[in-house]
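This report describes a protein model for a reader who works with coordinates, moving from the annotated position and its surroundings to the pocket, the cavity and the backbone. Please keep the structure in view while reading.

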Amino acid sequence: MAFSMNSHSTLGVSSLLFTVFHIAMISSQAAIAVSAAKYNVVSLGAKPDGVTDSTQAFVGTWLAACGSEMPATISVPPGRFLVGGATFNGPCKNNAIRWQIEGVITAPADYNVLGNVGTWLLFQHVDGMSISGGVLDGQGAALWACKASGKSCPGGATTIVFSDSRNIAVSKLTSLNSQLFHIVINGCQNVRLQGMKVFASGDSPNTDGIHVQLSSGVTIMNSKIGTGDDCVSVGAGTTNLWIENVACGPGHGISIGSLGKELEEAGVENVTVKNVVFRGTQNGLRIKSWGRPSTGFAKNILFQHAVMSNVNNPIVIDQNYCPNNINCPGQFSGVKISDVTYQDIHGTSATEVAVKFDCSLKNPCTGIRLEDVKLAYKNNQQPAQASCVNAGGLAFGLVQPSSCL
């Protein structure tokens, strides 16, 4: 009996060891299988010569990665890849697609190719994707020149749009010379942009750096943005937005709005902008809305730790927004702006009025808070001024120019 029991015990241990070994082998094979879900755009037909149209190769690579039931990596090796308008559709069979980009993805030189498409690279209905590295070259200069000449030109295309997607992470991506907006986050949840570089000429029209709308849980960090429009623009329906460590310039600053474009419009709330630097920009921290009826609002906004260097309008709320004063609605803005805090804002204004609150007569701004604000005019040579219209709030600590709230 003892031998029998020992025999059974030995067999049990052997069986257990075999089972553990078998599980380990399966796990190892699974790990190999997972790591094997790798796709290279060149292997699927893309040419790194900057001349050959690689659009279908990129879309085909996406389809393969999106169709994989295992996590997938898409590699874009060094070189220049010409890609026309491309849509990368989800939902996918996995929620861990990773783009590793070492090369440059370039738009067609002829702006008519993308001119009326609206978007160059569109990701939609994607859940779980990351993009690391690489350069997107929108080749927008020719279209900007066309528009500047007064000729009849196509509208142009936004470089990259993430639409109706969630759990997206983009790091160390460079976007150059977009025809229109560089990066748009539309109808998304949980998006993180980090280490971005976004550049276009200071006189390029409508080349906003990063635009967020109808989205929640978006984070923009550790980035450098210089364009011909807003470095970051925040559209209607944006909630829980965090912007930190961003250098802006040239450009129109970081703007909430324009709001009030529509009568029925979602609001903006819970926005934090901190540790930002503005150099030579048209605006610094701006909230803007059209002078017309609207259900829109902006509330619970924190602007904290900002440095202004020769900025035209360092702090501004403009509820009579109307670019170039063309076709202005000329009514009272229905957008309600409340609970906006400016804390530790220092630097220089290029104009005498460094703080300007031009709020709606029908819906005055409420709960404006100024704390530790020190802005000088003309490199500290003259005192700056503040202007308040229909604005209410409080000032705390040192505030220069003197508060008009």
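Helices (H or I, at least four residues) and strands (E, at least two) are taken here as DSSP runs, numbered from the N terminus. The model is a predicted one, in which local features need pLDDT of at least 70 and side-chain atom pairs count only at pLDDT 80 or more, while totals for chains, interfaces and linings use all residues. Residues are numbered from 1 along each chain as its sequence is written, and side-chain values use heavy atoms, with hydrogens and water left out.

**Overall picture**

The protein contains four helices and 31 strands, and its C-alpha trace spans about 95 × 60 × 40 Å along the principal axes. Of its 405 residues, 47% count as buried, where buried means under 20% relative accessible area, exposed means over 50%, and partly exposed lies in between (1.4 Å probe, protein chains only). Contact means heavy atoms within 4.5 Å; among the contacts with a separation of 6 or more, 76% are accounted for by residues 24 or more positions apart.

**The annotated histidine and its surroundings**

UniProt, in an unreviewed entry, lists H252 under "active site"; such positions are given in the numbering used here, with feature names shortened, and the annotations may be inferred rather than shown by experiment. H252 is found in the loop between β20 (239-248) and β21 (254-259). Leaving aside neighbours within four places in sequence, H252 is in contact with G228, D229, D230, Q282, N283 and R286.

The loop between β20 and β21 also holds P250, which is joined to G249 by a cis peptide bond with omega of about 0 degrees. P250 is in turn touched by G202, whose other contacts beyond four places in sequence are T227 and G228. G202 lies in the loop between β16 (197-199) and β17 (210-213), and its C-alpha is 4.1 Å from that of G228 although the two are 26 residues apart in sequence. G202 counts as partly exposed because its relative accessibility is 44%.

**The largest pocket**

On a 1 Å grid over the protein atoms alone, a cavity is a set of points where a 1.4 Å probe fits but cannot get out, a pocket is an open set with protein on both sides within 12 Å along at least five of seven lines, and lining residues have an atom within 4 Å of a point. Grid points are joined across faces, edges and corners, and a volume is the space filled by probe spheres set on the points.

The largest pocket holds about 1100 Å³ of space, and of its 37 lining residues S258, R286, K288, Y321 and P323 lie nearest its centre. Two or more lining residues come from each of β17, β21, β23 (283-290), β25 (313-321) and β27 (353-358), with β25 giving the largest share, six residues. The lining divides into eleven nonpolar, 15 polar and eleven charged residues, with Ala, Val, Leu, Ile, Met, Phe, Trp, Tyr, Cys and Pro counted as nonpolar, Asp, Glu, Lys and Arg as charged, and the others, Gly among them, as polar. R286 is also one of the contacts of H252. S258 has its place in strand β21 and is joined to G257 by a cis peptide bond with omega of about 15 degrees.

**The largest cavity and helix α2**

A search of the whole structure finds one cavity of 30 Å³ or more, and the largest cavity has a volume of about 100 Å³. Its lining residues are twelve nonpolar, no polar and no charged, including F58, W99, F123 and L173, and β6 (97-101) and β8 (119-124) each supply at least two of them. F58 is also among the buried residues of α2, together with T55, A57, V59, T61, W62, A65 and C66. Helix α2 (residues 55-67) has 13 residues and reaches 18 Å from its first C-alpha to its last, close to the 18 Å expected at 1.5 Å a residue, the expected span being 1.5 Å times one less than the number of residues.

**Positive phi values**

Two residues other than glycine with a positive phi are set out below.

| Residue | Phi | Strand | Relative accessible area |
|---|---|---|---|
| N240 | near 55 degrees | β20 | 44%, partly exposed |
| D339 | near 55 degrees | β26 (residues 336-349) | 39%, partly exposed |
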